[in-house]
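Please look over the sequence and the model below before reading on. The briefing is meant for a reader who has not met this structure before.

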Amino acid sequence: MALGFDGVTQRFGAVTALDQVSLSVAPGEIVALLGHSGCGKTTLLRLAAGVERPSSGRVLLEGRDVSSPAHFVEPEARGVGLVFQDYALFPHLSVRENVRFGLRGYGNAEADATALRAIARVGLADLAEAYPHMLSGGEQQRVALARAVAPRPGVLLMDEPFSNLDRRLRDVVRDETMALLQEIGATSIIVTHDPEDAMRVADRIVLMQHGRIVQSGTAEELYRRPTSLFAARFFCDLTEIDTVARDGAVDTPLGRFPAAGLPENAPAVLGIRPQAIRLVPKGFCLQARVMTRRFLGEVDHVELAVDGLDKPLVARLPLRGSVAEGEDVGIDIAMDEVLVFPVGDT
């Protein structure tokens with residue numbers, strides 16, 4: 001089903017959790033709501049599910065208003081599946097019983113068959129009669145997902161589904177979940193505060209801040225063309241340098257960089273991504289000294305001291321050759337990994 005939010009505002013007393021949010025999600029699209037805790041992601045999810053009613057605005061399913069007082073549709077009648085952050089499994093029910101719990105209106109035999117199909121789909125057929133305390137975190141997450149997809153919902157909503165998993169298991173379960181979402185074709189919204197989750201799972205990322213959507217697009221669009229310093233910081237650590245725009249550029253201890261579109265004499269922030277830095281032999285390009293070097297497996301994390309810069313310049317370098325702490329080097333900077341924003345654009 002198509003899912004939409006039309007000018008949705010949600011207030012809790014004096015707190016505005018959502019402020020005039022409008023968003024359309026196409027049938028079968030997987031959208032990630034990304035942002036820090038408290039930005040309104042989960043509130044938007046709860047409105048879509050019908051768990052809460054908006055203070056103003058409309059929630060639309062297939063273009064039909066399901067949220068206003070005159071047209072409110074109860075959660076169980078929306079055809080929406082919901083996966084909670086804590087999985088919300090019943091500890092006294094088996095995996096099969098947990099999954100068939102949401103299959104109201106089915107006969108016993110049909111409910112069992114449907115539940116077992118959903119359990120098999122998430123790879124847990126051998127654990128159908130096990131209980132939640134007998135399962136790992138990843139297996140519990142799969143049970144919650146099986147329960148949500150068993151009724152074949154038109155919309156599937158997932159609230160931080162991977163946050164309780166360790167990193168290695170998180171990668172496996174995340175990839176399995178993505179494959180399942182593509183297989184069932186349900187319109188899906190995944191709430192997360194982790195940009196890697198959003199980039200690996202979603203067709204489109206919706207970045208939120210203070211109850212508003214600040215940018216929406218593909219992972220590549222948000223990473224390569226962030227519209228604010230807030231968006232740029234969310235996807236990558238930056239070395240930030242305060243500067244001023246003059247004659248369409250900014251001057252820094254690292255050199256002069258283009259700043260098209262910024263007003264003359266406007267305070268600005270230059271952000272340099274760690275992968276922008278390339279080391280060259282001493283005597284070439286800008287001079288620096290290696291302050292620290294940390295081996296991270298695939299890359300070296302290096303902090304560099306540069307004359308005139310009051311903070312270390314952070315670089316992530318491919319393992320093509322080692323550098324030592326205290327060594328003098330030259331540095332070259334890739335211009336396409338350098339960003340400039342006006343001050344206050346956070």
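The points that follow deal with one helix, two pockets and a few single residues.

The model is a predicted one. Helix α3 runs over residues 108-121, and its buried residues lie on the same side. About 650 Å³ of space lies in the largest pocket, while the second largest pocket holds about 340 Å³.

**Helix α3**

- Helix α3 is made up of 14 residues, and the distance from its first C-alpha to its last is 20 Å, which is close to the 20 Å expected at 1.5 Å a residue.
- The residues of α3 that are buried are A111, T114, A115, A118 and I119, and because they cover an arc of only 135 degrees around the axis, they sit on the same side of the helix.
- As a general rule, an α-helix has 3.6 residues a turn, so residues three or four places apart point the same way.
- On the other side of α3, the residues A109 and R117 are exposed.
- The cover over the buried residues of α3 includes two further helices, α2 (95-100) and α4 (137-149).
- After α3 comes G123, which has a positive phi, near 80 degrees.

**The largest pocket**

- The largest pocket is lined by 19 residues, and V80, G81, L82, G102 and R104 are the closest to its centre.
- Both β6 (80-83) and α4 supply at least two residues each to the lining of the largest pocket, and the largest share, 3 residues, comes from β6.
- By residue type, the lining of the largest pocket divides into 12 nonpolar, 3 polar and 4 charged residues.

**The second largest pocket**

- In the second largest pocket the lining consists of 14 residues, of which C236, P274, Q275, V299 and R316 lie nearest the centre.
- Strands β17 (299-305) and β18 (313-318) each give at least two residues to the lining of the second largest pocket, and β18 gives the most, with 4 residues.
- The lining of the second largest pocket divides into 9 nonpolar, 2 polar and 3 charged residues.

**A buried serine in a loop**

- S94 is found in the loop between β6 and α2, and because its relative accessible area is 1%, S94 counts as buried.
- Leaving aside residues up to four places away in sequence, S94 touches A128, E129, A130 and Y131.

**Two residues with positive phi that are not glycine**

- Q20 has a positive phi of about 55 degrees although it is not a glycine, and Q20 is found in strand β2, which covers residues 15-25.
- With a relative accessible area of 53%, Q20 is exposed, because exposed means over 50%.
- E62 is also a residue other than glycine with a positive phi, here near 55 degrees, and E62 is found in the loop between β4 (56-61) and β5 (64-65).
- The relative accessible area of E62 is 52%, so E62 counts as exposed.

How values were computed
Residues numbered from 1 in each chain as written. Predicted model: local features only at pLDDT ≥ 70, side-chain atom pairs only at ≥ 80, totals over all residues. Heavy atoms only, no water. Expected span 1.5 Å × (residues − 1). Buried < 20%, exposed > 50% of the residue type's maximum accessible area, 1.4 Å probe, protein only. Arc of directions from axis to C-beta. Contact = heavy atoms within 4.5 Å. 1 Å grid on protein atoms, 1.4 Å probe; cavity = no way out; pocket = protein on both sides within 12 Å on 5 of 7 lines; lining within 4 Å. Points joined across faces, edges and corners; volume = space filled by probe spheres on them. Nonpolar A, V, L, I, M, F, W, Y, C, P; charged D, E, K, R; others polar.
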